[in-house]
Amino acid sequence: MPPIVEMKNIVKVYPDGTVALRGVSLTVMKGEILGLLGENGAGKTTLMKILSGLIQPTRGEIYVKGRRVNFKSPRDALNYGIGMVHQHFTLIPEFSILENVILGFEKRKFLSIDWKEVSKKVQELARELGLNVDLRTPVAKLPVGIRQKVEILKMLYRGVDILILDEPTSVLTPLEVKSLFKMLRKFKEQGKTIIFITHKIREALTITDRIVVLRKGLVEGEVITSKTTPSELARMMVKIAVTPISKPPYNPGEPALIVKDLWVRGDLGLYTVKGINFKVHYGEIYGIVGVEGNGQKELVEALVGLRPIERGKVIAKSKTITYIPADRTIEGLILDMPVYENTILGIHGMFKKWKTIFMDYRKVINHTNQLIKKYDIVVTDIKLPVKLLSGGNQQRVVIARELSKKADIIVAVHPTRGLDIAATRYVRKLLVDLRNQGKAVLLVTADIDEALEICDRIGVIYEGKIIGEDMACNFNEERLGLLMGGVKA
Amino acid sequence: MDVISSITSVIAGFGLGALLLYLTGYSPIVAYSALFHGAFGTVESIFDTLTAMIPIIFAGLSAAIVFKASLFFIGMEGQLYIGAITAFLAGYLISAPSGVHTIIALIVGGLGGVLWGLLPGYLRAYHGVNETVLAIMLNWIAIYLSDYIVEYAFIDPYATIARTYKVKPSAIVPDISRDIPLNYMFIVAVISSFIIGLLMYKTTLGFEIRSVGLNPIASRIAGINVRKTYFKTFIISGFLAGLAGASMVLGVFGSLVYRFSPGYGWDGITAALIAKNNPFMIIPASLLLATLRTGSIGMMLVAGVSNEMVLVIQGIILIVAAIPEVYRMIHRRIMLRRFRL
């Protein structure tokens, strides 16, 4: 049987000179689930954006269903049945499910839309998908897991039989992931082809038939899923042996941060933190683990003084708290500012010339160069805007700046999100080092592996409450996953 | 980069204006040469153009600094009138040795602008009220307040035009020399643009203003007091706009004249946009604006272009020149609104 998609020697050079793909060839067979595995920046998303017509390759040939194609836009790709669900959803929150699904592909009746006809068709597809929601519900009211299914529904409505999913599980709860996988298997049974982009080895092993590993814009290897092992995949992805982070035994000091019956309101005025109690000791990593949107954001903002406390108390034994925010691009950095100015944000008062109002930029540049050395930040010129750095290096800039404030209490929120394996390990090791130095670390995360790997104690947050707290060694994946979903075991 | 894009857009503006002139039956070459002759053809016209630059530079710096903080405050015209009123009152009511009196009156004029920025500054910084709407309303209050001073409270009944009594001679800003009919405020304005440049790029406050302007969320989380920074920005900006009015009263007219500003406050806003809010670029941008002000009469009289058409040409040149920055500012605001700020 000839392959349904064949990409030959694809090269992609972005206008800024970044080489994302250095000659990648890929074949996809009809009816298979192909895993595209690799670290951030390996070129997975770029390759699939090319296949879905969003961007054009610099060089290379693409054959779909036996014909040479040259997609100029996603619509060209759709005509060949290729559709991509992006990591960041492209739904309009104010529109209903139905409106979102038909957007751009409305069936017209005179001057209006043939609502009867389209809603019948969409309803049918939704039933096939197992999506049992009222199609008139505005997307804004849907949980993330359902939104993703709406994205997939949108693709089916457009007649897609080669479905590309870009890191589809990154925002889902463990239960939602299960349900997504069930759906994907059903697709496969119907003869549809799925390309599944991921950087999570465990997921690739669970859902795919075949795995292609990309590294630095090249194909590193290709394996049949049933005939490979996690360690083989990890070796292919990073080309170095991944060893677990070692941690000296748990030896906590005095409590550093005491949270007593804390109540905090969210943006809409309702309580999102509902009476939380916990203590973080010096010399430990305390993990607040939960699916996003369960009050973590408000909790942390109240702790660091960005949000008013309605009731309860926060007692910090050290004067300053260092805060590594969740979204580095909005909360952590000023993307349009040069790297060196980003490294002094908030501590710029320490860089005055002879205590006047003037800044001593020579001192600033020294400080930046020191941080770059200490935290291995890869940057060609510190005068360039920080937005030109890779995600991992951006995160290092945030962390370097925050740790240069030399506080004894560190609050880190999703510090490894979107980072590649090497950068993730670096950040986790750094947090463990801080703990070993006797600092108090509060880690907010939704990543079960991360929580189990580095936390000493874990509190699971669900709907604004801590519904379970224990030593990390007493948790396993399953117990933690269930608790995160609100199921008390 | 910024300089090139500024120059290109100015050229594009003149080009589009030329096309419009051609399409309406005028010769662009005749019209534009009349424009430049009107602005630079004689010694007097050159000094008229340079004098017109003074308020535009001050108002331009005033606008540039608030725009840098991503505040779309456009109250310079009102602040200019209030600055003119307070400078007039200080020049008319206070007695002091000459020179000292001038400086006092100028400072009082600047403080008048600050006063007019306090309310919108406070409401924007601490209560999140839309600064653009506040600015438009306050502009009108300021203009009518100045009408009241000119036509009623301090009207000089023997003057041939609607104006107040003259300020005391000790408060007048002198010309640079007898041969150069250009007052010292021109030099002050040029120096000010360098001072504001230093402030923006070399001081902690400038760093805070730029940070807050580019991303208030990250700035706040990193520990910058965003509200305070907004408020300080309003104060400095107000002082500069007030100086624009004060320099007209003390340097050009010697009194408060009925509706003396042909829109210098707005010219300043345009200058800031053309200069991409770069304080050093405000000077050439102000030269362009002043040229259009003083040269347009020539275009009208010599080239026979109708008054309305002159305004249209001016408008086209300015809109095209200012579009890139306006686009950037709107884009940034939309981005920030998405993140509820």
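Here are two exercises with worked solutions on a predicted model.

**Exercise 1.** Work out in which order the 4 strands of the open sheet in chain A lie, and which strands stand at its edges.

*Solution.*
- Start with the pairing: strand E1 (residues 5-13) of chain A and E2(A) run antiparallel to each other over 7 bridges. As a spot check, look at A:Val11, which sits opposite A:Arg22 in E2(A).
- Now extend the sheet: the order is E2-E1-E4-E5 in chain A, with antiparallel pairing.
- Strand E2 (19-28) and strand E5 (67-69) of chain A each have a single partner strand, so one side of each has no neighbour in the sheet, and these two stand at the edges.
- For the twist, neighbouring strands of this sheet are turned by 25 degrees against each other on average, direction ignored.
- Finally, add the helix: H1 (residues 44-51) of chain A packs on the sheet and touches E1, E2 and strand E4 (59-64) of chain A. The direction of H1 makes about 115 degrees with that of E1(A).

**Exercise 2.** Describe how chain B meets chain A: how much area is buried, and which three residues of chain B supply more of it than any other three?

*Solution.*
- Count the contacts: 19 residues of chain B touch 24 residues of chain A.
- Take the area next: about 2,000 Å² is buried between the chains, and carbon and sulfur atoms give 68% of that.
- Split up chain B's share: B:Thr204, B:Phe207 and B:Ile221 supply 31% of the area that chain B buries against chain A, more than any other three residues.
- Check the charges: there is 1 salt bridge across the interface. A:Glu341 pairs with B:Arg210 in a salt bridge, with the closest N and O atoms 2.9 Å apart, inside the 4 Å cut-off.
- Wrap up with composition: chain B's side divides into 9 nonpolar, 5 polar and 5 charged residues.

Definitions and conventions:
Residues numbered from 1 in each chain as written. Chains lettered and ligands numbered in written order. Predicted model: local features only at pLDDT ≥ 70, side-chain atom pairs only at ≥ 80, totals over all residues. Heavy atoms only, no water. Pairing = 2+ DSSP bridges. Axes fitted to C-alpha atoms, helices over the stretch in contact; angles between N-to-C directions. Contact = heavy atoms within 4.5 Å. Buried area = accessible area lost by both parts, 1.4 Å probe. Salt bridge = Lys/Arg side-chain N within 4 Å of Asp/Glu carboxyl O. Nonpolar A, V, L, I, M, F, W, Y, C, P; charged D, E, K, R; others polar.
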